[in-house]
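Visitor: I'm new here and would like a close look at just one part. Could you take me through a single chain at an easy pace?

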Amino acid sequence: MSAAREPVLAPGRASLRRRIDHGVKSLAQGRLGRALVIALPYAWLLLFLLLPILIVLKISFSEMALASPPYTPMLQWAEQRTLSLSLHLGNYAFLWEDPLYVAAYLNSLKVAAVSTVLCLLIGYPMAYAIARAPSGWRIVLLMLVILPFWTSFLIRVYAWIGLLQGNGLINHLLLSLGLIDQPLVLLHSNFAVYLGIVYSYLPFMILPLYATLVRMDLTLLEAAADLGSPPWKSFLTVTLPLSLPGVVAGSLLVFIPAVGEFVIPDLLGGPDSLMIGKVLWTEFFSNRDWPVASAVAVAMLLIILVPLLLFQRVEEREATEPTR
Amino acid sequence: MPQPRRDPASLESWQDPDARPFLEIRGVTKVFDGATYAVDDVSLKIFRGEFFSLLGASGCGKSTLLRMLAGLERCTQGHILIEDEDITELPPFERPVNMMFQSYALFPHMTVEQNVAFGLRQEKLSRQEIRTRVGEMLELVRMTGFARRKPDQLSGGQRQRVALARSLAKQPKLLLLDEPLGALDRKLRESTQFELVNIQERVGTTFIMVTHDQEEAMTMSTRLAVMDAGRILQVGTPSEVYEYPGNRFVAEFIGAANLFDGRVASTDGDRVTIQSEGAPGDIVMHHPQPLAIGTPVTVALRPEKIRLLEEPPREDVNWVRGTVREIGYLGDVSIYHVGTEGGLTVQVQVTNRGRRTSGPLTWDDVVCLGWDADSGVVLPA
């Protein structure tokens with residue numbers, strides 16, 4: 001409060017006033033206020049992320065039962081007021097022993113990795129072109145990237161069936177041009193799965209890449225040229241390293257959902273395109289084996305989470321690297 | 001003043017008619033969007049070892065000219081020659097020219113060391129050579145202890161030094177500096193002025209600096225060019241440009257100037273008598289070139305060359321009378337704004353010799369001001 005007004009107030013009132021001010025201030029800026037602001041998103045995460053994960057984790061440690069819900073409870077009142085806790089690890093052992101699951105995990109990782117690389121190879125030049133386009137064009141080009149989101153993901157994947165199937169548009173065109181005399185098997189193949197994933201996730205690669213590229217200070221490239229570096233070399237030594245955060249963000253945004261992808265392999269893939277998302281669905285809905293399905297989900301979470309945490313650790317260490 | 005030290009007896013390269021220019025700019029023009037003339041038919045000759053400044057207000061085309069020298073902008077017309085070799089069409093990465101950017105443009109993902117080494121890596125140099133050169137450069141700018149830091153861990157002044165080291169590392173024939181001190185605070189700017197001139201003397205590279213700060217251009221340059229609206233108005237040493245401004249714009253841009261418009265009444269040898277509505281008597285000035293009677297001219301007088309008089313001079317020439325309107329106390333000097341009877345405002349600068357809190361004059365005092373025939377210049381109006 002203004003010092004000029006203070007003497008007018010009686011000393012007692014002034015000190016009271018100061019105390020009230022202090023209280024309001026500490027509420028607004030202090031620990032309490034801050035805690036309230038932070039608590040809300042945390043409560044959200046707790047309720048809708050952590051709690052479901054814990055439930056899934058709990059189910060994964062139970063056994064299948066012909067009951068509703070179809071699994072054995074983890075905590076049970078046994079006789080004489082003893083609480084029995086039963087942890088059933090058989091589901092995880094089962095995942096490890098049955099080659100189907102391991103193969104599905106490995107195939108999912110492979111499909112996701114290859115798709116991520118393909119998205120990067122296609123998305124980087126696109127993001128670069130948009131970021132370097134005249135500023136009036138940028139918004140239009142970005143809109144074109146985002147436009148497919150206005151149609152449901154499912155419908156777009158279905159549309160690919162129409163394009164790829166034996167009597168679909170692509171085969172029809174190639175046949176009528178005389179380039180082939182037998183329709184190509186495009187649908188229900190690994191090719192179709194890659195195509196579907198790359199098509200669906202490309203915007204998630206382009207947007208973070210664009211965000212880092214458009215923020216780049218172009219005088220850095222002028223400086224590089226001035227110091228004798230031809231454009232291609234400046235790209236490798238300046239643009240690419242500076243866009244690395246975008247590359248990482250885009251790759252994670254593509255890789256993580258692609259590992260667990262279910263709709264695309266289910267609709268476009270064939271019998272040999274085995275992916276873990278599909279296995280999970282089968283366990284849950286066809287076999288009604290909730291415990292194994294939960295174990296599959298937990299294992300998938302770990303497979304993605306562990307490398308992610310390691311990566312973050314490395315990033316943090318690099319950021320706080322001690323400097324002399 | 002961090003003026004480059006020179007042998008006063010030797011002829012300056014720009015005064016020597018036989019000297020070959022190191023850099024020659026021939027009729028260079030830059031047109032943006034087909035209509036905006038950023039640089040308009042500029043020709044300049046710059047000699048080896050010069051510290052040349054391009055001085056002008058923002059938007060006068062000085063930075064565009066510099067960028068054309070670096071190859072970052074293409075010339076619409078004209079040629080740029082370094083040692084008689086036409087480099088107009090060379091891309092920036094093939095020019096023997098380096099630039100220090102106004103924003104410094106340090107690579108944020110590289111350490112100080114890597115930044116300085118960047119240019120050297122483009123040449124076929126051994127690791128050992130690069131390391132030695134980087135060490136030398138960091139020593140030159142006194143940044144040896146910061147070699148492993150990233151640019152965002154440095155202060156503005158330190159970044160400026162790294163940028164200088166990086167642009168000098170390749171030992172360019174010509175170094176271009178775009179507002180090199182613009183981002184520094186005043187104290188640091190003054191000390192860096194000295195340092196930059198010292199470094200220039202030590203490495204012997206030709207420097208071309210762009211600045212909007214006339215004080216900076218005056219203290220650092222061997223010669224400077226005043227630019228306005230894409231054209232060069234005057235080229236000369238700082239004292240030439242200050243003492244003998246070629247036209248009204250230069251007179252007003254470099255330092256303060258009091259201008260009296262009038263007409264030539266008579267001439268007598270190198271003395272010219274001018275009648276002006278701004279002064280009660282005649283104005284008599286030295287002017288070596290002959291002027292026709294009746295020519296409209298402007299007399300430009302520097303505030304520090306005007307004296308306070310007790311009474312009007314007996315000859316009734318070179319004087320005005322007025323009332324003190326504003327007083328600016330700057331410590332070492334005081335600036336008085338005097339509203340004259342002719343309706344002009346004349347600035348007078350008086351050195352504060354005695355220590356007193358109030359000057360010899362105060363507001364609304366009526367004073368007479370006088371000057372000598374050789375303390376100003378006569379400019380074509």
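Visitor: Let's make it chain B: what percentage of the 381 residues of chain B count as buried?

Guide: Happy to, and keep in mind that this is a predicted model. Of the 381 residues in chain B, 39% count as buried. If you follow the C-alpha trace of chain B along its principal axes, it spans about 80 × 50 × 45 Å. Along the way you'll come across eight helices and 20 strands. Look at contacts in chain B with a separation of 6 or more, and 64% of them turn out to be between residues 24 or more positions apart.

Now for how chain B is divided. Domain 1 is written in two stretches, 23-96 and 172-249, while domain 2 covers 256-380. The C-alpha centres of these two domains of chain B lie 34 Å apart. Where they meet, four residues of domain 1 of chain B are in contact with five residues of domain 2 of chain B. On the domain 1 side of that meeting place, you get two nonpolar residues, one polar and one charged.

Chain B has a partner too. Its contact with chain A takes 19 residues from chain B and 16 residues from chain A. On the chain B side, strand S6 (97-100) and helix H2 (112-121) are the elements that give two or more residues. Sort the chain B residues that touch chain A by class, and they come out as nine nonpolar, six polar and four charged.

Technical notes:
Residues numbered from 1 in each chain as written. Chains lettered and ligands numbered in written order. Predicted model: local features only at pLDDT ≥ 70, side-chain atom pairs only at ≥ 80, totals over all residues. Domains from an automatic or database assignment. Contact = placed C-beta atoms within 7 Å. Nonpolar A, V, L, I, M, F, W, Y, C, P; charged D, E, K, R; others polar. Helix = DSSP H or I, 4+ residues; strand = E, 2+ residues; numbered from the N terminus. Buried ≥ 20, exposed ≤ 12 C-beta atoms within 10 Å, placed from the backbone.
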